[in-house]
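Please look through the structure shown here together with its sequence, and follow the description from one part to the next. What is shown is a predicted model.

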Amino acid sequence: MINDLSTLFIGRTHIHLDTTQSTNDHANQLITKNYPPEGTVISASFQTAGKGQIGRSWYGSPDKNVLCSIILYPNFLRANDQFLFNMGMACALRSTVESFVDNVPVTVKWPNDIYVRQKKISGILIQNSVSGKDYVTVVGIGLNINEATFPAQLPNPTSMKLEQSMDFDVNSVLAKLCEYVEQYYLMLQNGSGHKIHSEYNSFLYEKGAINSFQIGEGKIIDAIIEHVNFKGELVLLLEGKERAFSTGSIRYI
Ligand code: BTN
């Protein structure tokens, strides 16, 4: 059970596992067997094969972090609004981190990493499928909480503990995360996606700054980060002209 939960449906059904391969895998297995109630949260103390984006792995030592997956059925979303959903989840996660971390900027690095200053504190892995007439979405969230050291090969990780020099109660962070996910999910459901879009842009990492990017596997460019458009493309100012890049077509360096 998630203590002190004040939500309507997110986290009301909760499965906690001491050890699992990946909470996203566990959620996807449950979905193939039956339809868990919307808002079911699967959390774990430890993952043996936590998944990150683009085939990467996700690190977390036992008991120190939020590692969870939330099952949602966003049938109200139009196909073109998929990125708005991702933005909503990123905003929910950003707000959660901000509510525990004082005096440091908490931003969203496109497409949906959460950064504290120049370091990554949290990531989201969203997996979509269609089952019958339903859209089924698994929102996997890794949020570094009481982790004090990370493997050297991770580029720039941080945790709430490293930022604030104190330990946090993992359950309280999970409860707050459920509240924010519900709040932003309901905003998407009631047609307030434009508010999420503008909030996402107001917290966009390095907005207005010059950054280096690699386009595809080739050219390195320096460009100003302008905004992220409704399609979820990163809009850059490059040699005086706006250019939009889709996820996967460009990367920060
Ligand atoms: C990223 O690469 O930034 C996304 C990381 C997502 C990690 C979380 S941890 C809980 C859930 N289960 C997984 O296997 N991955 C996600």
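A good place to begin is a single pair of residues: Ile225 has Leu236, in strand 10, as its bridge partner. That pair belongs to the antiparallel pairing of strand 9 (residues 220-228) with strand 10 (residues 234-238), which extends over four bridges. Both strands are part of an open sheet of five strands, whose order is 11-10-9-8-12 and whose pairing is antiparallel. Because strand 11 (241-245) and strand 12 (250-252) stand at the edges and each has a single partner strand, one side of each is left without a neighbour in the sheet. From one strand to the next, the twist averages 50°.

Turning to the helices, helix 1 (residues 23-33) has as its buried residues Thr23, Asn24, Asp25, His26, Ala27, Leu30 and Ile31. These buried residues pack against several strands, namely strand 1 (14-20), strand 2 (41-47), strand 3 (66-72), strand 6 (119-131) and strand 7 (134-143). Where helix 1 starts, a side-chain oxygen of Ser22 comes to within 3.2 Å of the backbone nitrogen of Asn24.

Two packed helices are described by the angle between their axes and by the distance between those axes. For helix 2 (residues 82-100) and helix 4 (residues 170-189), the angle is about 145° and the axes are 8 Å apart, and the crossing of helix 2 past helix 4 is right-handed. Among the residues that meet there are Leu84, Phe85, Gly88 and Met89 of helix 2, and Val173, Lys176, Leu177 and Tyr180 of helix 4. Sorted by class, this contact of helix 2 with helix 4 has 14 nonpolar, five polar and one charged residues.

Methods:
Residues are numbered from 1 along each chain as its sequence is written. This is a predicted model: local features need pLDDT of at least 70, side-chain atom pairs count only at pLDDT 80 or more; totals for chains, interfaces and linings use all residues. Side-chain values use heavy atoms; hydrogens and water are left out. Buried means under 20% relative accessible area, exposed over 50%, partly exposed in between (1.4 Å probe, protein chains only). Helices (H or I, at least four residues) and strands (E, at least two) are DSSP runs, numbered from the N terminus. Contact means heavy atoms within 4.5 Å. A polar contact is a pair of N or O atoms within 3.5 Å; within protein, one must be able to donate a hydrogen and the other to accept it, and residues adjacent in sequence count only if both atoms are side-chain atoms. Axes are lines fitted to C-alpha atoms, for helices over the stretch in contact, and angles run from 0 to 180 degrees between N-to-C directions. A crossing is left-handed if the near helix is turned anticlockwise from the far one by less than a right angle, and right-handed if clockwise. Ala, Val, Leu, Ile, Met, Phe, Trp, Tyr, Cys and Pro count as nonpolar, Asp, Glu, Lys and Arg as charged, and the others, Gly among them, as polar. Two strands pair if DSSP finds at least two bridges between them.
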